[in-house]
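Here is a friendly walk through one protein model, meant to be read with the structure open beside you. Let's begin with a question and then work outwards.

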Amino acid sequence: MNSRARGAGKPQGGRGWLAVLALELLGLPVMGLVLVWSGIERTDTTYFINIAQNEVRERQALRAKLEVERERLLSPYELRRRAQELDMREPGPGQVRRMDRP
């Protein structure tokens, strides 16, 4: 029997397993880098989300403070007090007239 006849029933090993091994060995570092990169991106995203949420909370608190201050300044008591500080008096008869829209 010749060498071809003896190996006809066996699968050819050759270099195929080397190519598969090389691809697997190259794939592992690539997958590792992808995992590290996605972890970094997730951390960055979480950080920026936290910054944005803190900013929103600060702005909501400031808005609430400004609304309280606005209400205080527009209260009739505060307006009367300021008018007295500035020595303002209520208008007399004939000093105020209604203006109609054209």
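Which side chains meet in a salt bridge at 3.1 Å, N to O?

## A salt bridge to start with

The two partners are D100 and R98, whose side chains meet at 3.1 Å from N to O. D100 counts as exposed because its relative accessibility is 60%, above the 50% cut-off. R98 is exposed too, with a relative accessible area of 73%. Elsewhere in the chain, salt bridges that share partners tie E69, R72, E78, R81, R82 and E85 into one network. We will come back to members of that network below. Please keep in mind throughout that this is a predicted model.

## The overall picture

Zooming out, the chain has 3 helices and 0 strands. Following the sequence from start to end gives the pattern α-α-α. Helix α2 covers residues 16–73, and α3 covers 76–85.

How much of the chain is buried? Of its 102 residues, 3% count as buried. The accessible surface comes to about 10500 Å², and carbon and sulfur atoms account for 61% of it.

## Salt bridges along the helices

The count of salt bridges comes to 10. One of them links E69 with R72, where the closest N and O atoms are 2.7 Å apart. Both residues sit in helix α2, 3 residues apart, so about one helical turn separates them. As a general point, an α-helix has 3.6 residues a turn, so residues three or four places apart point the same way. E69 is partly exposed, with a relative accessible area of 33%. R72 is partly exposed as well, at 37%.

Helix α3 offers another example: the side chains of E78 and R81 form a salt bridge at 2.8 Å, N to O. Here again the partners are 3 residues apart, or about one helical turn, this time within α3. Is E78 buried or exposed? With a relative accessible area of 9%, E78 is buried, because that value falls under the 20% cut-off. Its partner R81 counts as partly exposed, at 36% relative accessibility. All four of these residues, E69, R72, E78 and R81, belong to the network mentioned earlier, together with R82 and E85.

## Helix α3 and what follows it

Why does α3 count as lying largely in the open? Of its 10 residues, the number buried is 1, so the helix lies largely in the open.

Just after α3 comes a backbone detail worth a look: D87 takes a positive phi of about 60°, although D87 is not a glycine. D87 is found in the segment after α3. The residue counts as exposed, because its relative accessibility is 54% and the cut-off is 50%.

## An aromatic pair

How many aromatic pairs does a search of the whole structure find? The search finds 1. The partners are Y47 and F48, with ring centres 5.3 Å apart and planes at 70°; the pair is therefore edge-to-face, since the angle is over 60 degrees. Both Y47 and F48 are exposed.

## The largest pocket

Finally, let's turn to the pockets. The largest pocket holds about 150 Å³ of space. Which residues line the largest pocket? They are R80, A83, Q84, M88, R89 and E90. Sorted by class, that lining has 2 nonpolar, 1 polar and 3 charged residues. To find the pocket in your viewer, you could select these lining residues, R80 and E90 among them.

Terms used: Residues are numbered from 1 along each chain as its sequence is written. This is a predicted model: local features need pLDDT of at least 70, side-chain atom pairs count only at pLDDT 80 or more; totals for chains, interfaces and linings use all residues. Side-chain values use heavy atoms; hydrogens and water are left out. On a 1 Å grid over the protein atoms alone, a cavity is a set of points where a 1.4 Å probe fits but cannot get out, and a pocket is an open set with protein on both sides within 12 Å along at least five of seven lines; lining residues have an atom within 4 Å of a point. Grid points are joined across faces, edges and corners, and a volume is the space filled by probe spheres set on the points. Ala, Val, Leu, Ile, Met, Phe, Trp, Tyr, Cys and Pro count as nonpolar, Asp, Glu, Lys and Arg as charged, and the others, Gly among them, as polar. Helices (H or I, at least four residues) and strands (E, at least two) are DSSP runs, numbered from the N terminus. Buried means under 20% relative accessible area, exposed over 50%, partly exposed in between (1.4 Å probe, protein chains only). Accessible areas come from the Shrake-Rupley method with a 1.4 Å probe; for residues, only the protein chains shown count as cover. Rings of Phe, Tyr and Trp (its six-membered ring) pair if their centres lie within 6.5 Å; planes under 30 degrees apart count as stacked, over 60 as edge-to-face and the rest as tilted. A salt bridge is a side-chain nitrogen of Lys or Arg within 4 Å of a carboxyl oxygen of Asp or Glu.
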